Amino acid sequence: MTSQGSIFERRVDPVLQAGVILAMVLVIDVFSIIVAGTDTVGVSNRFPWLCAASFMLFFALFNSVLSASAENTAKYWGRSMYSFMALALGAGLLAWAFSGISINDAGSYRWIYLVVTVGYLVFLGMISLIKNVVTFAQREEWNKPRLKNRRRED
């Protein structure tokens, strides 16, 4: 048995992340149809859109955090952007298929999609900034500040 480090030290392909999250959207949507069929709990017909937006936010958060450990950031971000677009499209199609409502008729979910997308770009920018600051700090040689001797002349 090998000891495993933190998940943040692993290199997980963004395409795999998006695929797993899209599968989770499908499972939750199927589960919501089953629950709605039992008439025990009221499930909104817009729930699949809520599920799609929630899992897109989940992807945005974890993908941007995991990008900090990528060796080639530009390549990772390229794959991440395409994966996010595929996830948004796939989750939107699943939401449309399960709810029968287009994104234009789903109320504010069109704006939520936009906010999550902009938030994803902000998360990536923040991680990039933090990574650059840490890299700069590790390269710098930190010395004790020199104290000047000041003589007072009376």
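In which helix is the place of Phe123? In this predicted model, Phe123 lies in helix H4. Its relative accessibility is 24%, and Phe123 therefore counts as partly exposed, since buried residues fall under 20%. Apart from its neighbours within four places in sequence, Phe123 is in contact with Leu57, Ala60, Leu61 and Ser64. The C-alpha atom of Phe123 is separated by 8.0 Å from that of Val65, a residue 58 residues away along the chain.

These contacts belong to the packing of H2 with H4. The axes of the two helices come within 9 Å and cross at roughly 5°; because this angle is under 35 degrees, H2 and H4 are roughly parallel to each other. On the H2 side, the contact involves Trp49, Leu50, Ala52, Ala53, Met56, Leu57, Phe59, Ala60, Leu61, Asn63, Ser64 and Val65. H4 contributes Tyr109, Ile112, Tyr113, Val116, Thr117, Tyr120, Phe123, Leu124 and Ile127. By class, 18 of the residues in this contact are nonpolar and three are polar, with no charged residues.

Helix H3 spans residues 73-99. Its 27 residues reach 37 Å from the first C-alpha to the last, close to the 39 Å expected at 1.5 Å a residue. Buried positions in H3 include Tyr76, Ser80, Ser83, Phe84, Leu87 and Ala88, and further along the helix Gly90, Ala91, Gly92, Leu94, Ala95 and Ser99 are also buried. The buried residues of H3 pack against helix H1 (14-38), helix H2 (47-66) and helix H4 (109-139). Just after H3, Gly100 adopts a positive phi of about 75°.

Conventions. Residues are numbered from 1 along each chain as its sequence is written. This is a predicted model: local features need pLDDT of at least 70, side-chain atom pairs count only at pLDDT 80 or more; totals for chains, interfaces and linings use all residues. Side-chain values use heavy atoms; hydrogens and water are left out. Helices (H or I, at least four residues) and strands (E, at least two) are DSSP runs, numbered from the N terminus. The expected span of a helix is 1.5 Å times one less than its number of residues. Buried means under 20% relative accessible area, exposed over 50%, partly exposed in between (1.4 Å probe, protein chains only). Contact means heavy atoms within 4.5 Å. Axes are lines fitted to C-alpha atoms, for helices over the stretch in contact, and angles run from 0 to 180 degrees between N-to-C directions. Angles under 35 degrees count as roughly parallel, over 145 as roughly antiparallel, 65 to 115 as roughly perpendicular and the rest as oblique. Ala, Val, Leu, Ile, Met, Phe, Trp, Tyr, Cys and Pro count as nonpolar, Asp, Glu, Lys and Arg as charged, and the others, Gly among them, as polar.
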